[in-house]
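Hello,

Here is the structure I promised to pass on to you. Please open it alongside this email, and then read on for what turned up in it.

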Amino acid sequence: FMDFWTNVFVSIGSRATGTRAGEFHIVGPDYSGEMNASMTRSPTRNVWLIMRIVCNGVADYTNVWRVQDGFRLHASTTPSISAPAVASAGAAAGPGPGANVTPPAFVDSLEAPAFFNYTAEVMN
C-alpha cells in the first residue's frame, strides 16, 4: 500500500507476509480505536493499492482467476466490523480476456473509450 503521495507504508505479499490467506486492515491517520496485529496506520486518509499476480502464460489463467476471486476489498468505519465483501467472480463472465484471448490481445483490440469503460466496469 502507498500513501496519497505514493510512499510505500506497508507491503503485503509472499516476501513480506507469506503465501497464506490473511486479513489486513488499513486505518487512516485519524483512527483512534484499538490497534491489533492485522492493522496498519496509513499516514494519509487516501491510499493506493497495486496488486500483482504472477501469471505463467495462458495455461495459468485458471490459477490466477482463483487467486483473484479470493481477494476482498471493502470500506469499514470500524476495522472489527466487516462490510459485505464484493466478489469478483462475475467479472470473468462478461466480455474480456478468457481462455481463448490473452489480456494483451484483448487490450490491443480495444479503442481508448472501450478500454476505459471496460476498466471502470471491472473495477466497480
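**What was found**

Of the 124 residues in the protein chain, 12% count as buried. Please keep in mind as you read that this is a predicted model.

Let me start with the overall layout. The protein chain has four helices and four strands. Read from the N terminus on, its elements follow the order β-α-β-β-β-α-α-α. The accessible surface of the chain comes to about 9,600 Å², and carbon and sulfur atoms make up 56% of that surface. As for contacts between residues at least 6 apart in sequence, 36% of them join residues at least 24 apart.

Now for some individual places, beginning with T44. You will find T44 in the loop between β3 (39-41) and β4 (47-48). Is T44 buried or exposed? Its relative accessibility is 11%, and the limit for buried is under 20%, so T44 counts as buried. Leaving aside residues up to four places away in sequence, T44 touches D3, F4, W5, G28 and P29. Its side chain also takes part in two contacts with backbone atoms that you may like to display: the side chain of T44 reaches the backbone nitrogen of F4 at 2.9 Å, and a polar atom of that side chain lies 2.7 Å from the backbone oxygen of N46.

Strand β3 is also the place of M39. M39 is buried, with a relative accessible area of 8%. Which residue has its C-alpha atom 5.7 Å from that of M39? The answer is I26, although M39 and I26 are 13 residues apart along the chain.

Next, have a look at T6, which sits in the loop between β1 (2-3) and α1 (14-17). T6 has a positive phi of about 70°, although it is not a glycine. With a relative accessible area of 46%, T6 is partly exposed.

On to the aromatic rings. How many aromatic pairs does a search of the whole structure find? There are five aromatic pairs. One of them joins F1 and F9: the ring centres are 6.4 Å apart and the planes stand at 40°, so this pair is tilted. Another pair, Y61 and W65, is tilted as well, with 5.7 Å centre to centre and 45° between the planes. Both Y61 and W65 lie in helix α2 (residues 61-69), where they are four residues apart, about one turn of the helix. Their exposure is worth a look too: Y61 is buried, with a relative accessible area of 9%, whereas W65 is partly exposed at 31%.

Finally, please look at D60, in the loop between β4 and α2. D60 is buried, with a relative accessible area of 14%. Not counting residues up to four places away in sequence, D60 touches V54 and C55. Which side chain does the side chain of D60 meet in a polar contact of 2.9 Å? That partner is the side chain of N63.

If you would like a short route through the model, you could begin at T44 in its loop between β3 and β4, go on to T6 with its positive phi, and end at the polar contact between the side chains of D60 and N63.

Happy browsing, and best wishes

Conventions
Residues are numbered from 1 along each chain as its sequence is written. This is a predicted model: local features need pLDDT of at least 70, side-chain atom pairs count only at pLDDT 80 or more; totals for chains, interfaces and linings use all residues. Side-chain values use heavy atoms; hydrogens and water are left out. Helices (H or I, at least four residues) and strands (E, at least two) are DSSP runs, numbered from the N terminus. Buried means under 20% relative accessible area, exposed over 50%, partly exposed in between (1.4 Å probe, protein chains only). A polar contact is a pair of N or O atoms within 3.5 Å; within protein, one must be able to donate a hydrogen and the other to accept it, and residues adjacent in sequence count only if both atoms are side-chain atoms. Contact means heavy atoms within 4.5 Å. Rings of Phe, Tyr and Trp (its six-membered ring) pair if their centres lie within 6.5 Å; planes under 30 degrees apart count as stacked, over 60 as edge-to-face and the rest as tilted. Accessible areas come from the Shrake-Rupley method with a 1.4 Å probe; for residues, only the protein chains shown count as cover.
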